[in-house]
Amino acid sequence: MSKVERNIVLIGFMGAGKTTVGKELSRILGLRFVDLDQAIEEEASQTIQTIFKTEGESGFRKRERSLFHKLSKQSDIIFSLGGGAFLQEEIQATCLNDSLVIFLDIDFSIWSERIPLLQKDRPLLQQKSLEEMKELYTSRKQSYSKAHLIIQTGRLTPPQTAEKIAKTIHHAKA
Ligand code: S3P
């Protein structure tokens, strides 16, 4: 990573594979991995679902902002952000200023095959129709597309996606 790029930040929709890809990438590049959602759960000693229930989405977003602000002061980390984090202006500005932001772009049709696995612990997917999920997906894409690098995940496995990212970063530097 160059001096201006303090960290790598993986962004994208819920269930795009950010956490699994991030872990693989951290192995390939030899950098520390931090999953922001997991860090929030550890700090709060509560699950994200409980935080949403007791503090609402705004309480969760506040925790997301303040923990990212604290953790992003460190360097040489690969962060995986929850799907809504990058929509927060403060987080987005910090990421775009001093990190390499990578959007894991998954087609909606491929994504929708994962809904049964995702719905259980994603408060924002509960009681939503397929059409409403697609609206959320589409409305977020514009923000995600501000990333420095967009990786089409297609039907790649997480290790293949991580390899693709590592190669792209390597070529960009060569
Ligand atoms: C959210 C995505 C989740 C988690 C929370 C809210 C969102 O993370 O942060 O449920 O707003 O898209 P994943 O993207 O890892 O599922």
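**Exercise 1. Classify Ser80 as buried or exposed, and list what surrounds Ser80.**

Solution. Ser80 has a relative accessibility of 2% and therefore counts as buried; buried means under 20% relative accessible area, exposed over 50%, and partly exposed in between, with a 1.4 Å probe and protein chains only. The model is predicted: local features need pLDDT of at least 70, side-chain atom pairs count only at pLDDT 80 or more, and totals for chains, interfaces and linings use all residues. Residues are numbered from 1 along each chain as its sequence is written, and side-chain values use heavy atoms, with hydrogens and water left out.

Next, place the residue. Ser80 belongs to strand E3 (residues 77–80); helices (H or I, at least four residues) and strands (E, at least two) are DSSP runs, numbered from the N terminus.

Then look at the surroundings. Apart from neighbours within four places in sequence, Ser80 is in contact (heavy atoms within 4.5 Å) with Leu10, Lys18, Thr19, Phe33, Val34, Asp35 and Leu36. With Asp35 there is a polar contact between side chains, at 3.1 Å. A polar contact is a pair of N or O atoms within 3.5 Å; within protein, one must be able to donate a hydrogen and the other to accept it, and residues adjacent in sequence count only if both atoms are side-chain atoms.

**Exercise 2. Find which residues of helix H4 are buried, and what covers them.**

Solution. Helix H4 spans residues 89–98, and its buried residues are Ile91, Gln92, Cys95 and Asp98. Their cover includes strand E1 (7–11), helix H3 (48–71), strand E4 (99–105) and helix H7 (130–144). An α-helix has 3.6 residues a turn, so residues three or four places apart point the same way.

Take Gln92 as the example. Gln92 counts as buried because its relative accessibility is 11%. Leaving aside neighbours within four places in sequence, Gln92 is in contact with Phe86, Leu87, Ser143 and Lys146. The side chains of Gln92 and Lys146 form a polar contact of 3.1 Å.

**Exercise 3. Describe how the protein surrounds the ligand.**

Solution. Start with the shell. There are 14 residues around the ligand, and Lys18, Arg61, Gly83, Arg122 and Arg140 come nearest; a residue is near if one of its heavy atoms lies within 4 Å. Helix H3 gives the largest share of this shell, three residues.

Now go through distances to oxygen atoms of the ligand. A polar side-chain atom of Arg122 lies 2.5 Å from one such atom. For a polar backbone atom of Gly83 the distance is 2.7 Å, and for an N or O atom in the side chain of Asp37 it is 2.8 Å. The protein covers 95% of the 390 Å² of accessible area that the ligand has on its own.

**Exercise 4. State where Thr50, Ser45 and Asp76 lie, and how exposed each is.**

Solution. Thr50 is in helix H3 and, at 32% relative accessibility, counts as partly exposed. Its side chain makes a polar contact of 2.8 Å with the side chain of Thr47. The C-alpha atoms of Thr50 and Pro123 are separated by 9.4 Å, with the two positions 73 residues apart along the chain.

Ser45 lies in the loop between helix H2 (36–44) and H3. With 66% relative accessibility, Ser45 counts as exposed. Ser45 is not a glycine, yet has a positive phi of about 50°.

Asp76 is in the loop between H3 and E3 and counts as partly exposed, at 43% relative accessibility. Phi of Asp76 is also positive, near 60°, in a residue other than glycine.

Key:
Accessible areas come from the Shrake-Rupley method with a 1.4 Å probe; for residues, only the protein chains shown count as cover.
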